Amino acid sequence: MPRPINGITEADRLPRRHPSLWRDAGRRLLRNRLAMAGGIIVLAMVLIALLADVLSPYDPIKQNYNAILEAPSLRHLVGTDALGRDALSRLVHGARTSMTVGIFTQLIVLAIGLPLGALAGYGGGRTDNLLMRFTDIVYAFPELLMVILLQTIFGGSIYMLFLAIGLVAWTNVARLTRGQILSLKEREFVLAARAMGATGAVIIWRHLLPNSLGPIIVTVTFGVPRAIFLEAALSYIGIGVKPPTPSWGTMVQDGYGAIFSFPHLVAFPALAIALVMLAFTFLGDGLRDALDPRGR
Amino acid sequence: MSQYILRRLLWLIPVLLTLSFITFALMHLVPGGPWDREKQLPPAVVENLNRKYGLDRPVWLQYLSFVANTLRGDLGISYVHQDRSVTDIILNALPITATLGLLALILTVALGLSLGTAAAFHQNSWLDYICVFYATSFASIPGFVLGILMVIIFSVTLHLLPTGGWGTPEKLIMPVIALASIPAAVLARVTRASTLEVLHQDYIRTAHAKGLSQHIILYRHTLKNALIPVLTLLGPEVAYLVSGSFIIENLFSIPGMGRLFVQGVFARDYGLIMGTVLFYAFVVAVANLVIDVLYGVVDPRIRYD
């Protein structure tokens, strides 16, 4: 056995297994019961959305005039609507609409917010000033109002709805990314990377963004229910998802006129919206606490 | 201080200009015009209408004249309610939305502050658990969903409250609760957290050691300091109450500005859309400014530069 040099043994030189930040956070998240409940519901909703065609007992847009406004029964568990469409099938497909809206708008939000925030934070100076003033202006727009305006212009397809929400909602991610990068870019590991000849893009992509990932994930988790709410609200007013595409907001709108006779047609989609919002918020809270234990 | 306020007010100008420009550009991209009816108007009539409202001029000129008119407080003429000016329509709907918003704000502050502080003063009591439960769950249930559930319970099932409308006090109950529920929950949560933090400060222990009464410690030493972070929240809260009223007004058939805007969008009423957008943005921006200034008044440690 070689003699220890300066009291350092062979064992000390072997890389020690550190519990990584993510593993640590994962453990904290698993212990948080409320967050886990939220996570399970979110997972279930994703599965329902993916398997909507398999899970729904009927075609969600097929009208059956022999079974109009039926009360919940074994054949139609949640009843049928004024056009004889099976409400359960529409609820299940509504989950698909909601989840798609939630996820795709956040992709757009990331596509705009990340580069903008990174550029402002890393570039600094005039770039930063210009980009952030622009962000401030967009931030000052009343959100719902702008989405309604954009939606009336883009109108129709669900992709345009993603765009309308994404174009308004990216400011939080941009501000957050900028803040993260500002606080990280003077650290030693960035200096080391620069000393090794890394370009700005590499430093941002390989070093700064991965280290800012935690707070960004949390923001996006809170962004999903926000987008789901906006879609439901727009569809409820009548300018969101176009019929006959099933959406919880549209279902509420369709059923609201007859709420006294058939409250269940409104209650179920309303509860579904509430459930998804709750689940995402609990999951987001849990993620925030798990990733940043100091914030508690 | 006054310099700070002045600078913030000046900052409003580019914000509102950009907003008006984007709104204006977007409106002219909207397919269809204000004269689209079920029965097609003869081209000559459309031409005359366009001339009357200045829609035959180049777009940039229309924008410039709009800005110039707005500065004089004239938001133009509604294309749909053809005999009324937009300023007039807005001023008619404003008291309704303002009443709704103000009542919701009072409920928000009353409920949020009392629940938050009570929970913090009695940490881990049943009161605290109720507060935490309320704050975590109701903060994420959208107002219009809560409104619908309330309609199902109180109107459909119990026949206690009317489903909507305006004019009598009982018609206000559900809309105000629906509007205030989220901001009150957020406020309760922040108040509780911030009060708890202050309660663990050294100067509170000092106050106890000096033998001050519980009452004085709580109300003079704790609350005053705990409410500072709470105040920052009120800016976004007011913004939420203002824009949140859209859906709530539609849900409860309240003839306020939110419903006006949605009707304007459907009718392609350029003048009305533009006027309401600018008005909302202005209110939100001013609310934020007022809160920021108040922040400095309450907390002398804050300097404006």
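Start by selecting Asn124(B), which sits in the loop that joins helix H4 (86-121) to helix H5 (126-138) of chain B. The model on screen is a predicted one. With Asn124(B) selected, look at the backbone: its phi is near 65°, a positive value in a residue that is not glycine. Most residues other than glycine have a negative phi.

Next, move to Ser253(B). This residue is in the loop between helix H9 (214-251) and helix H10 (257-266) of chain B. Ser253(B) is not a glycine either, yet its phi is positive, at about 45°. Is Ser253(B) buried, partly exposed or exposed? Its relative accessible area is 36%, and because buried means under 20% and exposed over 50%, Ser253(B) counts as partly exposed.

**A phenylalanine in helix H4 of chain B**

Go back to helix H4 of chain B and select Phe121(B), which belongs to that helix. Phe121(B) has a relative accessibility of 21% and counts as partly exposed. Now show its surroundings. Leaving aside residues up to four places away in sequence, which residues does Phe121(B) touch? They are Thr195(B), Leu199(B), Leu218(B), Thr222(B) and Leu223(B). Pick Leu199(B) from that group and draw a line between the two C-alpha atoms: the distance is 8.4 Å, while the two residues are 78 apart in sequence.

**The whole of chain B**

Zoom out and colour chain B by secondary structure. There are 11 helices and 0 strands, and along the sequence the pattern reads α-α-α-α-α-α-α-α-α-α-α. The C-alpha trace of chain B spans about 85 × 55 × 30 Å along its principal axes. Chain B has 305 residues, and 47% of them are buried. Among the contacts in chain B with a separation of 6 or more, 73% are between residues 24 or more positions apart.

Turn on the surface of chain B. Its accessible area is about 15,100 Å², and carbon and sulfur atoms account for 66% of it. Then select the charged side chains: chain B has 20 positive and 17 negative ones, and the centres of the two sets are 5 Å apart.

**Where the chains meet**

Show both chains together. How many residues of chain B are in contact with chain A? The contact involves 42 residues of chain B and 38 residues of chain A. To see where chain B buries its area against chain A, select Leu26(B), Phe144(B) and Ile247(B), which supply 15% of that area, more than any other three residues. The size of an interface is often given as the accessible area lost when the parts come together. Here the two chains bury about 3,500 Å² between them, with 86% of it on carbon and sulfur atoms.

For a view of this contact from the side of chain A, select Ile259(A). Ile259(A) lies in the loop between helix H12 (248-256) and helix H13 (263-291) of chain A. At 3% relative accessibility, Ile259(A) counts as buried. Apart from residues up to four places away in sequence, Ile259(A) touches Val266(A) in its own chain, and Val151(B), Ile152(B) and Val156(B) in chain B.

**Across chain A**

From Ile259(A), travel to Ile165(A): the two are 94 residues apart in sequence and 29 Å apart in space, C-alpha to C-alpha. Ile165(A) is one of the residues touched by the next stop, Thr105(A).

Thr105(A) lies in helix H5 of chain A, residues 87-123. Its relative accessibility is 0%, so Thr105(A) counts as buried. Besides Ile165(A), the residues that Thr105(A) touches include Thr100(A), Phe162(A), Gly166(A) and Ala227(A), with residues up to four places away in sequence not counted. Between Thr105(A) and Phe162(A) there are 4.9 Å from C-alpha to C-alpha, and the two are 57 residues apart in sequence.

Finish with chain A as a whole. It has 13 helices and 0 strands. The C-alpha trace spans about 90 × 55 × 30 Å along the principal axes of chain A. A compact globule of 296 residues would have a radius of gyration near 19 Å, whereas the value for chain A is 24 Å. Of the residues in chain A, 48% count as buried. Select the charged side chains here as well: 27 are positive and 18 negative, and the centres of the two sets lie 7 Å apart.

Key
Residues are numbered from 1 along each chain as its sequence is written. Chains are lettered from A and ligands numbered from 1 in the order in which they are written. This is a predicted model: local features need pLDDT of at least 70, side-chain atom pairs count only at pLDDT 80 or more; totals for chains, interfaces and linings use all residues. Side-chain values use heavy atoms; hydrogens and water are left out. Helices (H or I, at least four residues) and strands (E, at least two) are DSSP runs, numbered from the N terminus. The radius of gyration is taken over C-alpha atoms; the globule rule is 2.2 Å times the number of residues to the power 0.38. Buried means under 20% relative accessible area, exposed over 50%, partly exposed in between (1.4 Å probe, protein chains only). Lys and Arg count as positive and Asp and Glu as negative; His and the chain ends are not counted. The place of a charge is taken as NZ of Lys, CZ of Arg, CG of Asp or CD of Glu. Contact means heavy atoms within 4.5 Å. Buried area is the accessible area (1.4 Å probe) that two parts lose on being put together, summed over both. Accessible areas come from the Shrake-Rupley method with a 1.4 Å probe; for residues, only the protein chains shown count as cover.
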